[in-house]
Amino acid sequence: MSDRTDASVDPGPTAPPKPRRLLKRTLIYIVVIYLVWLAIAFTIQRSILFPSSLAGNVTGAAAPDGVEVIHLDIEEGRVEAWYVPGDGVTADSPGPLVIFAHGNAELIDQWPINLRGYTSRGISVLLPEFRGYGRSDGESTQALLKQDYTDFYDRVTARPEVDPSRVILHGRSIGGAVITQLADARPSVAMIQQSSPASIRLMARRFLAPGFLVLDPYDSITVIKSYPAPLLVMHGNHDKTVPPSHAHLLAEASTHPDTRLILYDIDHNTLPPTEPYWDEIERFLKDADILE
C-alpha cells in the first residue's frame, strides 16, 4: 500500500483577496465606469445642450399677425427668424432693436407675446431660431449659431425703421450664452442676461466632465470682461438648472459701472413677475439713454 499524497486534493476555500488587491480592483472598476461615462457624455453633449426634440414640433405653423418671417439660406436648407416692429417706429422715426435668444427647450413661437413689453415701448424685436428647432434646418453649434445671429443682425439693422446705434442683446438660459457670442462679433449698447450660464465648461463640472471635452464652451465670462456697455443680469434664487452663482460670476466679470444684478424668488423655468420685470428693464434702458 502506497503512502504517496494525492496532489489533486482540494486545498479548501479560496482565501479572500488582500485589502490592497481589492482596493486596486475597485479603483480599476471606477476608472472604467468613469471613462465610459465620459465617452457617452462626449458623444451626446450637443443633444444635451440643444435638445430640439424637447422644444416641440411646429412645422407648418404660421407666424402670428404682425410678425414678419425672415429666412437665411444654409447648406442644409434655411434658418428662420421672426421680426416684430416696435409700436410707432417708422423709417422717419426709427427705434431701438432687441435681439432675443431663447432657452434650449423653447421656440421663437413662444416669445412674441412674452416680449410685448419691448414692442409696446417702441422697441422692435428680432427672434432668430436655433438650427434644428421649429421650422429651421441644420444642427446647432456655437460657431454656427454665432454665424446665423450675426447674419440676421446685419440684415435687420439695415432696415430704415431700425436705429443701428441702439441695438440691445437679450438672452435667456442658453440664449444668454448665444447672445454673448453675438456681442463678441457686433456692437450693441446694452446686454441682458436672464437665467444664463457663465460658462458651459463650468456647467460640465457639475457632471464630473472635464472642460476640455466640451465642444461648445460658451465662455461668456471672457466676453463680458471686455464688453463695453451696460449689463443687466436677472436670475432666480431657486434655479437648480443654472445655479445663481453663475449670475454672480457674470455680474462680477463686467467692468462697466452700470452693471446690475437682480435676483427673483423663482426657479429656472418661471418667468419673473411681469410688472417688476418690465419696470426694471425699462429703468435699465432709460439709464443707458436707449429709451427716453
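# A first look around the model

The lining of the second largest pocket is a mixed bunch, splitting into six nonpolar residues, three polar ones and three charged ones. Before going further, keep in mind that this is a predicted model. The pocket itself has a volume of about 160 Å³.

Who sits around that pocket? Its walls are made by Pro64, Asp65, Gly66, Val67, Val84, Asp109, Gln110, Trp111, Pro112, Ile113, Arg116 and Thr119. Helix 2, residues 111-114, is the top contributor, handing over three residues. Helix 3 also plays a part, since it and helix 2 each supply at least two residues of the lining.

Let's pick out one of those lining residues, Gln110. Gln110 is in the loop that runs between strand 3 (95-101) and helix 2. With a relative accessibility of 38%, Gln110 counts as partly exposed, because that label covers values between 20% and 50%. If you skip the neighbours within four places in sequence, Gln110 is in contact with Ala55 and Ala105.

## Stepping back to the whole chain

Now for the wider view. The chain's secondary structure adds up to nine helices and eight strands. Is the chain spread out or compact? The radius of gyration is 26 Å, while the globule rule gives 19 Å for 292 residues; that is well over the rule, so the chain is more spread out than a compact globule. Along the principal axes, the C-alpha atoms fill a box of roughly 120 × 45 × 30 Å.

As for what is tucked away, buried residues make up 48% of the 292 residues in the chain. And if you look at contacts with a separation of 6 or more, 73% of them join residues 24 or more positions apart.

## Rings that pair up

Next come the aromatic side chains. Counting rings of Phe, Tyr and Trp whose centres lie within 6.5 Å, you get six aromatic pairs. One of these brings together Phe50 and Phe130: their ring centres are 5.9 Å apart and the planes sit at 85°, so the pair is edge-to-face. Their positions are 80 residues apart, which makes this a link between distant parts of the chain. Phe50 is in the loop between helix 1 (19-49) and strand 1 (68-74), and Phe130 is in the loop between strand 4 (124-128) and helix 4 (142-157). Both of these phenylalanines are buried.

Another edge-to-face pair is made by Tyr118 and Trp278, with 4.8 Å from centre to centre and 85° between the planes. Tyr118 belongs to helix 3 (residues 116-119) and Trp278 to helix 9 (residues 274-287), so this pair ties together parts that are 160 residues apart in sequence. Are these two buried or exposed? Tyr118 has a relative accessible area of 1%, so it counts as buried. Trp278 has a value of 8%, so this residue is buried too.

Back with Phe50 and Phe130, there is a bigger story: ring pairs link Phe50, Phe130, Tyr133 and Tyr149 into a cluster.

## The closed space inside

How many cavities of 30 Å³ or more does the structure hold? The count is one. The largest cavity has a volume of about 30 Å³. Its lining is made up of Gln194, Ser195, Met234, His235, Gly236, Tyr264, Ile266, Thr270 and Pro272. Strand 7 (residues 231-236) provides the largest share of that lining, with three residues. Sorted by type, the cavity lining holds four nonpolar residues, five polar ones and no charged ones.

## Two residues with positive phi

Finally, here are two residues other than glycine that have a positive phi, Ser173 and Tyr218.

| Residue | Phi | Where in the chain | Relative accessibility |
|---|---|---|---|
| Ser173 | near 55° | loop between strand 5 (162-172) and helix 5 (174-185) | 7%, buried |
| Tyr218 | near 45° | loop between helix 6 (200-205) and helix 7 (220-225) | 1%, buried |

Ser173 counts as buried at 7% relative accessibility, because the cut-off for that label is under 20%. Tyr218, at 1%, is buried as well. Each one sits in a loop: Ser173 between strand 5 and helix 5, and Tyr218 between helix 6 and helix 7.

Note on methods:
Residues numbered from 1 in each chain as written. Predicted model: local features only at pLDDT ≥ 70, side-chain atom pairs only at ≥ 80, totals over all residues. Heavy atoms only, no water. Phe/Tyr/Trp six-rings, centres within 6.5 Å; stacked < 30°, edge-to-face > 60°. Helix = DSSP H or I, 4+ residues; strand = E, 2+ residues; numbered from the N terminus. Buried < 20%, exposed > 50% of the residue type's maximum accessible area, 1.4 Å probe, protein only. 1 Å grid on protein atoms, 1.4 Å probe; cavity = no way out; pocket = protein on both sides within 12 Å on 5 of 7 lines; lining within 4 Å. Points joined across faces, edges and corners; volume = space filled by probe spheres on them. Nonpolar A, V, L, I, M, F, W, Y, C, P; charged D, E, K, R; others polar. Rg over C-alpha atoms; globule rule 2.2 N^0.38 Å. Contact = heavy atoms within 4.5 Å.
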